[in-house]
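Hi everyone, thanks for coming. Please pull up the sequence and the structure, and let's walk through them together.

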Amino acid sequence: MTGATATHASDSRAAAALAGGVGAGLVLSKTSLTRVASGRISQHPEDVFARRFGRMRQAVWSAGQGHAEKFSGWYGCRAWFVTLTYRPGVEWAAEHVRDAVQRCRMWLKRQCGQKLRYVWVAELQKRGAVHYHLIVYLPKRLSMPKWDKQGWWPHGMTNTQVSRTGVGYLMKYVSKFSPFHTFPRGMRLYGIGGLNEQARAIRTQAAEDAQAKQAQQGSKDF
C-alpha cells in the first residue's frame, strides 16, 4: 500500500468513526481529516459536533445555576438525584423520559401545587443501554419516591437519593460522551424544565455569548 493510499484509508476510517457519532453529536478528539478554508464557521463534522457538545454542557450548567435559590426564588428546596435504567429486553422510545417527567410533574402539583424544576441528561453505557440521570428540586418537606414503584417508570429500575452537588453531579455524565457513542436516532441528550423568566433570560444570554465565542474561535481556525 502506498503512502497516499494509506492516508486515504486512514481518513476514510476516521470519517466512518465520526459518522457513527452523529447520534450523540459529540466529538472531543482531533482527527487528520482536512478542513476546507471557506471563510465561514467550519462545517467540518468534527467541529459541528464539538460545538454541539459545548452548547449542551453550557445549557446543563446554566440551567443548574438558574435553579439555584438566588435566581429561582424557590427557597427551602432540596435537590434529588434520580437514575432511570432500562431492564434487559426493553427498547428505548423517545416518549419514555417525557412521560415519566410528566407523571412526576402531576404528582408534585397534587402534593403542593408547585411546578416541577429539573435537569436531565442521557447516558449510553458500554452494553449500549440508555440511562437517564436527573436532578429534580422538591420542597424539603417532600421526599422523592421511587419512580418505578410509583409506576412513573415501568421500563426498568430507578434510584433516588438526595444530591449534595446539584447539577454538578450531572456534569460528570456529560463529560463521559465520546465520539464513538451512537445514540438512537431522534434521541434528545438533555432536558430542562421549570426555569423562571429571569433564569431563562440568563440562560439565553449565556448561550448567545457562548455561540458568539465559538463563531469567533471558528473563524480563527482557517
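Here is something to look for while you rotate: in the hairpin of β2 and β3, which residue takes a positive phi? Before I answer, please keep in mind that this is a predicted model. The residue is Gly 128, with a phi near 90°. There are 5 residues between the two strands of that hairpin.

Let's stay with those strands. β2 and β3 are antiparallel and pair over 8 bridges. If you want a place to put your cursor, take Leu 124, whose bridge partner in β3 is Val 130.

β3 also pairs with β1. Those two run antiparallel as well, joined by 9 bridges. You can find Leu 84 with Tyr 132 of β3 as its bridge partner, and Trp 80 opposite Val 136 in β3. Please remember Tyr 132, as we will come back to that residue.

Now, which other strand does β1 run antiparallel to? That is β4, with 5 bridges joining the two. Thr 83, for instance, stands opposite Asn 159 in β4.

How many residues of β1 are buried? The count is 8 of 9, so β1 is largely enclosed by the rest of the structure. For β3, 10 of its 10 residues are buried.

That brings us to the core. The largest nonpolar core has 47 residues. Inside that core, the residues with the most contacts are Tyr 132, Leu 134, Val 136, Met 144 and Trp 147. Several elements each give at least two residues to this core: the helices α2 (45-66), α4 (95-112) and α5 (168-174), together with the strands β1 (77-85), β2 (117-124) and β3 (130-139). Which of them gives the largest share? It is β3, with 7 residues. As a general background point, nonpolar side chains in soluble globular proteins tend to be buried together.

Back to Tyr 132, as promised. What does Tyr 132 touch, once we leave aside its neighbours within four places in sequence? Its contacts include Val 82, Thr 83, Leu 84 and Tyr 86. Trp 92, Val 97, Trp 120, Val 121 and Ala 122 are also in contact with Tyr 132, as are Trp 153 and Met 187.

Some of those names bring us to the aromatics. The structure holds 5 aromatic pairs, and I'd like to show you two of them. Tyr 86 and Trp 153 make an edge-to-face pair, 5.1 Å centre to centre with 65° between the planes. Tyr 86 sits in the loop between β1 and α4, while Trp 153 sits in the loop between β3 and β4 (158-162); the two are 67 residues apart, so to speak of this pair is to speak of a link between distant parts of the chain. Are these two rings buried or exposed? Tyr 86 counts as buried at 6% relative accessibility, and Trp 153 counts as buried at 0%.

The second pair is Tyr 132 with Trp 153, which is edge-to-face too, at 6.2 Å centre to centre and 80° between the planes. This pair also links distant parts of the chain, with Tyr 132 in strand β3 and Trp 153 in the loop between β3 and β4, 21 residues apart. Both Tyr 132 and Trp 153 are buried. Put together, Tyr 86, Trp 120, Tyr 132 and Trp 153 form one aromatic cluster.

Next, the cysteines, for anyone wondering about disulfides. The structure holds 0 of them. Why is Cys 77 not bonded to Cys 112? Because the sulfur of Cys 77 is 8.4 Å from that of Cys 112, its closest cysteine sulfur, and that is too far for a bond. Cys 77 is buried, with a relative accessible area of 18%, whereas Cys 112 counts as partly exposed at 25%.

Last stop: charges. How many salt bridges does the structure hold? There is 1, and the side chains that meet in a salt bridge are those of Arg 98 and Asp 99, at 3.3 Å from N to O. Arg 98 counts as exposed at 55% relative accessibility, and Asp 99 is partly exposed at 27%.

If you take one picture home, let it be β3: paired with β1, paired with β2, and the source of the largest share of the core. Thanks, everyone!

Methods
Residues are numbered from 1 along each chain as its sequence is written. This is a predicted model: local features need pLDDT of at least 70, side-chain atom pairs count only at pLDDT 80 or more; totals for chains, interfaces and linings use all residues. Side-chain values use heavy atoms; hydrogens and water are left out. A nonpolar core is a set of buried Ala, Val, Leu, Ile, Met, Phe, Trp, Tyr and Cys residues joined through side-chain atoms within 4.5 Å. Buried means under 20% relative accessible area, exposed over 50%, partly exposed in between (1.4 Å probe, protein chains only). Helices (H or I, at least four residues) and strands (E, at least two) are DSSP runs, numbered from the N terminus. Contact means heavy atoms within 4.5 Å. A salt bridge is a side-chain nitrogen of Lys or Arg within 4 Å of a carboxyl oxygen of Asp or Glu. A disulfide is a pair of cysteine sulfur atoms within 2.5 Å. Rings of Phe, Tyr and Trp (its six-membered ring) pair if their centres lie within 6.5 Å; planes under 30 degrees apart count as stacked, over 60 as edge-to-face and the rest as tilted. Two strands pair if DSSP finds at least two bridges between them.
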